[in-house]
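Here are some exercises on how helices pack, each with a worked solution. Try each task on the structure before you read on.

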Amino acid sequence: MSDVHNAQDEHESPIKTPKQLIAVVIAAFLVPIIVIILLVNFVGHGSKEGAGATATVEAVNDRIKPVASLELKDPNAPRVFKTGEQVYKEVCAACHATGAAGAPKYSNAGDWAARIGQGFDGLLNSVLHGKGAMQARAGTTADDYTDYELGRAVVFMADAGGAKFPEPAAPAAAATGAAASAAGAPAAAEATAAPAAAAAAAPASAEVGKKVYEQVCAACHAAGVAGAPKFGDKTAWAPRLKEGMDAVHAFALKGKGVMPPKGGYAGPDADVMAAVDYMANASK
C-alpha cells in the first residue's frame, strides 16, 4: 500500500493552486523575453563599426576633405590687420588660455603682475624673440602676423591681466595709405577704376583651373570617389554637361551631394569655375 502512495506522490504536479499556475505562466512568458534582451544588448555592445559603416555626409566630407587648398592672393592688395583678440585666439590661446608651459594665464592678474612691470616694449620683445618655451613670434612668421598685430595681441592679454597699455600705433605705411585714401585722388581713381574692375570680373586662367583641380578637386574627381564624375570620363560627365555650364558652376560653388561648397576651396569663385571648366573640357 505504501508503494502505491509513493508512486502517486512521484506523479503529482508541483502546481497545486491557481496562484502557482498564474506565476508559472507569467514566468514562462517573461524569462525568454529577458534572455533575448540580454543577448541583444551583449551583441550590440560587443560589435564594432567598420570603416564607412556610418556613411553620413559629415563623415564622408571628413574622409575626403582635401589635404591642402590653394589660395591666390593679390600682393598689391591692402593688408587688413587682425585685432589683438583675433591673434590671441588663433595663436596665443593654445598656451595662455590654460597657462601651459609656464605661460601667464589669460586674465589672471597674479600671473601678469610681474610681466606688466616690464612695460609694453619688454613684453613685445619677448614675443618677437621668444622666451622660455615660447618660440620667436610664437612660432609664426612675419608673413603670418606683423609686429603690429603681435603687439595688439600683447595689449589684449596684458590689459586683461590688469595693465593699461594703449593700442599700439598702426604702421606708418598703413596710416599714410589711409590718409591718402581719405584725401582722394579723383583723376587717378578714374584712370584705374576701369582696369581694376575688369581684372576683378575677368575669369581665372586655364592654368589656375588646372592648379585648383590638382590641389583640391583631384582628391575625389581623379578616382570618382563618392559619386564624383571621374576626370576624363565622358560618360560620367555627359549628364552634367547636358544641364549647361552655368548649372555645373552652380553645383561646384554651392555644393552637391557629399561635396561641400567650392569643394572646400578658400579662394575666389572664379578659380573654382576655372577648375570646373578644366575638368569639363577634358571630358568632352
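**Exercise 1.** Work out how helices H12 and H13 are oriented to each other.

*Solution.* Start with the axes in this predicted model: those of H12 (residues 245-254) and H13 (residues 269-281) come within 10 Å and cross at roughly 125°. Helices here (H or I, at least four residues) and strands (E, at least two) are DSSP runs, numbered from the N terminus. Axes are lines fitted to C-alpha atoms, for helices over the stretch in contact, and angles run from 0 to 180 degrees between N-to-C directions. Angles under 35 degrees count as roughly parallel, over 145 as roughly antiparallel, 65 to 115 as roughly perpendicular and the rest as oblique. H12 and H13 are therefore oblique to each other.

Next, look at who touches whom, with contact meaning heavy atoms within 4.5 Å. H12 brings Met245, Val248, His249, Ala252 and Leu253, and H13 answers with Asp269, Val272, Met273, Val276, Asp277 and Ala280. Sorted by class, the contact of H12 with H13 has eight nonpolar, one polar and two charged residues. (Ala, Val, Leu, Ile, Met, Phe, Trp, Tyr, Cys and Pro count as nonpolar, Asp, Glu, Lys and Arg as charged, and the others, Gly among them, as polar.)

**Exercise 2.** Find how H10 is oriented to H13, and list the residues that meet.

*Solution.* H10 (residues 206-221) packs against H13 at about 75°, with the axes 8 Å apart. The two are therefore roughly perpendicular to each other. From H10, the residues are Val208, Gly209, Lys210, Val212, Tyr213, Cys217 and His221; from H13, they are Asp271, Ala274, Ala275, Tyr278 and Met279. This contact of H10 with H13 divides into eight nonpolar, two polar and two charged residues.

**Exercise 3.** Which aromatic pair ties helix H4 to helix H7?

*Solution.* First, the helices: H4 (residues 84-96) and H7 pack at about 70°, their axes 8 Å apart, which makes H4 roughly perpendicular to H7. Gly84, Glu85, Val87, Tyr88, Cys92 and His96 of H4 meet Glu149, Leu150, Arg152, Ala153, Phe156 and Met157 of H7.

Now the rings: those of Phe, Tyr and Trp (its six-membered ring) pair if their centres lie within 6.5 Å; planes under 30 degrees apart count as stacked, over 60 as edge-to-face and the rest as tilted. The whole structure has eight aromatic pairs. One of them is Tyr88 with Phe156, a tilted pair at 5.5 Å centre to centre and 50° between the planes. Tyr88 lies in H4 and Phe156 in H7, so the pair ties together parts 68 residues apart in sequence.

**Exercise 4.** Where is confidence lowest and where is it highest?

*Solution.* Use pLDDT, the predictor's confidence in each residue, from 0 to 100. The lowest mean is 43, in helix H9 (residues 186-201), and the highest is 93, in H7 (residues 147-160). Over residues 185-201 the pLDDT is below 50, and this stretch has zero contacts beyond near neighbours in sequence.

**Ground rules.** Residues are numbered from 1 along each chain as its sequence is written, and side-chain values use heavy atoms, leaving out hydrogens and water. In this predicted model, local features need pLDDT of at least 70 and side-chain atom pairs count only at pLDDT 80 or more, while totals for chains, interfaces and linings use all residues.
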